[in-house]
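Reader: I'd like a close look at one strand and what surrounds it. Could you start there and then work outwards?

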Amino acid sequence: MKVYFRTIKDLPVDEYFGPGQLTCAGCGPSIAIRWILKAAGSDVIIVNATGCIEVTSTSYPYTAWSVPYLHVAFENAAAAASGAESALKVLRRKGMLDAKAKVIAIAGDGGTYDIGLQALSGMLERGHGVLYVLYDNEAYMNTGIQRSGGTPHFAWTTTSPVGSKLKGKVQRKKDIMSIVIGHHIPYAATANLAYPIDLANKVKTALDYLDEGPAFIHVLAPCPPGWRYPEEMTVEIARLATETGYFPLYEWDHGMIRFNPPSNTHFDKSKRKPITEYLKRQGRFAHLTEENIKEIEKEIDEYWDYLSKLVKTFG
Amino acid sequence: MAVAKALSTREEVVKERVGLTSNYAAAYAVKTVDVDVIAAYPITPQTTIIEKLAEFVANGEIDAEYIPVESEHSALSAVVGAAATGARVFTATSAQGLEFMHEVLYIASGLRLPIVMAAPGRALSAPISIHGDYQDIMSARDSGWVIMIASSAQEVYDSIIMAYRIAEDNRVLLPVMVSYDGFLMSHTTEPVELYHEEYVRKFTPRNLNRPRLDPRKPMTIGVIASPDWYYEIKYQAINALKESKNVIKETHNEFNKAFGTNYDIVEKYMLDDADYVLITYGGASSGNAKEAARRARERGLRAGVLRLRLFRPFPTDEVVSAIKYSKVVAVVDRALSPGNTYEGPVFNDVVSALYNKGINKPVISVVHGISQRTMLSDDFYNLYKKLDEYAKTGEYPRKTIFIGLRGGEA
Ligand SMILES: Cc1ncc(C[n+]2csc(CCOP(=O)(O)OP(=O)(O)O)c2C)c(N)n1
């Protein structure tokens, strides 16, 4: 990651994601999108999948977007973005367009881990110069909190409810970064809205690489109603996700893996906050037993194990 | 005089006469109109179109971005994205592919995007059939697209050229589908006259002056509309489709002038004094019907054929005025509308057109050629004879006649 912004004051004052959208109070995704657009600037075309961000920001006759914006459907943001990127390329080549615009696809976890995975994979494989941003609120929030492939193990959702037999989501969260990296793209990174400078620098870095091929940023973006916590806690909870090692910050850059602060110290488990700090603040985990928590901890340790192997190989 | 002039125009515009399948004719049309973005996914009987286009792009014969997508859903989505960004686009599909695009068909017309698609018709699964009929096209008919159905490779070539001009007209701004018989046309070689590129390009000027994604003039496309707005926005799109008929006719006229052709949105064959009319669409069905009409005429039956060239918007006035004075009409469908009173989909369109003009006349629903079940001109000849019998007895069938069905009632 190149450093474009050192402090919050370096970020442009311009706002491209306007106020007055219909998101819930404390909406993590909308905070993330605001930072992303600030970092990206005005010369972009946004292609957004159906989901919370789309339905809350484009309520006709209003729009929150002061950059060109296209929404097509839930599962095809990557495909529509492929088309937009190809169009820009050929129109420039034929002298019909002089804009340097870059294409950014934005989709939720449902539109990425599940229904949009095929289109995403196709776009990455074909090498379109598109930045794909996954804002991960870990469930289908737009339709009212249903589990997705991005929902964590044991989390309550309306389709992974807590009952007498089953206690929340039965399966683990899909490792989307590994899937994406498997496409051998130039750049992929995780980011967290609680670390806006890190996020903004990753966006800039990613956009700079688009001439070579696709880039992917996986942003953790908590959701107050879906995760069941008071709305003023979004940033705090997001930060705890990284501080506890649940959501590490790292980059895949041309075949190399690099961990970013504070996650770069977290291979040492003692540097991480206990996972309970993260879990206990969220109603979606309120039913967890000691045993469940132990299992989650074990899974996180396993994941760090896997990450340290990646670092050994690709660091 | 007019004929002489038309002929000389044609001599001037025609570059060469070659043997092409309808699929290749489609690919050549796309090549001639300076397309920007092509996205497609293979499916029989469409595949040879996109293979040919891939070849053109690989050889540098077309300056376009070819997006070899991973599915039909993405094919249409990609051309939606490209068209929204201002590019001239093309895609093609059939059958299951068209079904897989279904969601995006409505989005393309709802977003008012000038997309052109070739769609050789094919039977729908299950059971799997790769063979030709028009069931897939019928499933797409309410999606708000302009739909043309061609009956020769030349017409496929010409229609795709016209389609770009229609789609990109600011009074229309709608996607256009050009359909034709799967296999019977998509894979049959016919002589086609190809035009000099400069004439085609002159006929299809670009319209960059339409709403599109441009950072210098940001615009939000693909919004969510509350119940307070959706209805009106949708109405505008369906109204544009209805009104597009005038632009389509105008385009036909200008095309005829520019290229010395003789297209109309319906084709009338021996209709002026016809008692018995078969209404059909597509190549094999209308070709056989015409042949049968000729034979029926030799034997004293006043037979005629009305072929639908434009299917959506439905040419209500033209259909009704063409059959107004006939005694009996049969609509020969190569598609199914299961569970309806009559199973022929276009039959229902024709009846509603007649009702619209206050005309009550015997119309027979006929289904034929499903999954390319052989259609003989004999079948159509016998149909004319039947229409004559019905007229004489005054007894008309009250259900769809399934021709060529083994073990069926008809
Ligand atoms: C084909 C299809 N299936 C289902 C839906 C309904 N739907 C709209 S948004 C959505 C969930 C979106 O979830 P996610 O991608 O996680 O984004 P979020 O709403 O959480 O921001 C669903 C299921 C749809 N629009 N299209």
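Author: Sure, let's start with β11(B), which pairs with strand β12 (residues 303-308) of chain B in the parallel sense over five bridges. Strands and helices here are DSSP runs, numbered from the N terminus: E, at least two residues, for strands, and H or I, at least four residues, for helices. Two strands count as paired if DSSP finds at least two bridges between them.

A quick word on the ground rules. This is a predicted model, where local features need pLDDT of at least 70 and side-chain atom pairs count only at pLDDT 80 or more, while totals for chains, interfaces and linings use all residues. Residues are numbered from 1 along each chain as its sequence is written, chains are lettered from A and ligands numbered from 1 in the order in which they are written, and side-chain values use heavy atoms, with hydrogens and water left out.

Back to the strand. In β12(B), B:Arg307 stands opposite B:Thr280. β11(B) also runs parallel to strand β14 (residues 328-333) of chain B, joined by four bridges, and there B:Tyr276 stands opposite B:Val328. Five of the five residues of β11(B) (residues 276-280) are buried, so the strand is largely enclosed by the rest of the structure; buried means under 20% relative accessible area, with a 1.4 Å probe and protein chains only. Both faces are covered: B:Tyr276, B:Leu278 and B:Thr280 are buried on one side, and B:Val277 and B:Ile279 on the other.

Elsewhere in chain B, seven strands form an open sheet with mixed pairing, in the order β3-β2-β4-β5-β7-β6-β13. Its edge strands, each pairing on one side only, are β3 (65-67) and β13 (310-312). On average, neighbouring strands of this sheet are turned by 20° against each other, direction ignored. Inside it, β2 (residues 37-39) and β4 (residues 89-92) of chain B run parallel, joined by two bridges, with B:Val89 as the bridge partner of B:Val37.

Helices lie across these strands too. α4(B) lies across β2, β3, β4 and β5 (115-121) of chain B, running at about 170° to β4(B). Axes are lines fitted to C-alpha atoms, for helices over the stretch in contact, and angles run from 0 to 180 degrees between N-to-C directions. Helix α8 (residues 153-168) of chain B lies across β4, β5, β6 (146-149) and β7 (176-181), at about 165° to β7(B).

α8(B) has a helix partner as well: its axis and that of α2 (residues 22-32) of chain B come within 8 Å and cross at roughly 30°. That makes α2(B) roughly parallel to α8(B), a label for angles under 35 degrees. Among the residues that meet are B:Ala25, B:Tyr28 and B:Val30 in α2(B) and B:Val156, B:Ile160 and B:Tyr164 in α8(B), where contact means heavy atoms within 4.5 Å. The residues of this contact divide into 11 nonpolar, two polar and no charged; Ala, Val, Leu, Ile, Met, Phe, Trp, Tyr, Cys and Pro count as nonpolar, Asp, Glu, Lys and Arg as charged, and the others, Gly among them, as polar.

Finally, α4 (residues 72-84) of chain B also reaches across to the other chain: its axis and that of α3 (residues 77-93) of chain A come within 6 Å and cross at roughly 45°. That makes α3(A) oblique to α4(B). Residues meeting there include A:Gly83 and A:Ala87 in α3(A) and B:Ser77 and B:Gly81 in α4(B). The contact's residues divide into six nonpolar, four polar and no charged.

Conventions. Angles under 35 degrees count as roughly parallel, over 145 as roughly antiparallel, 65 to 115 as roughly perpendicular and the rest as oblique. Buried means under 20% relative accessible area, exposed over 50%, partly exposed in between (1.4 Å probe, protein chains only).
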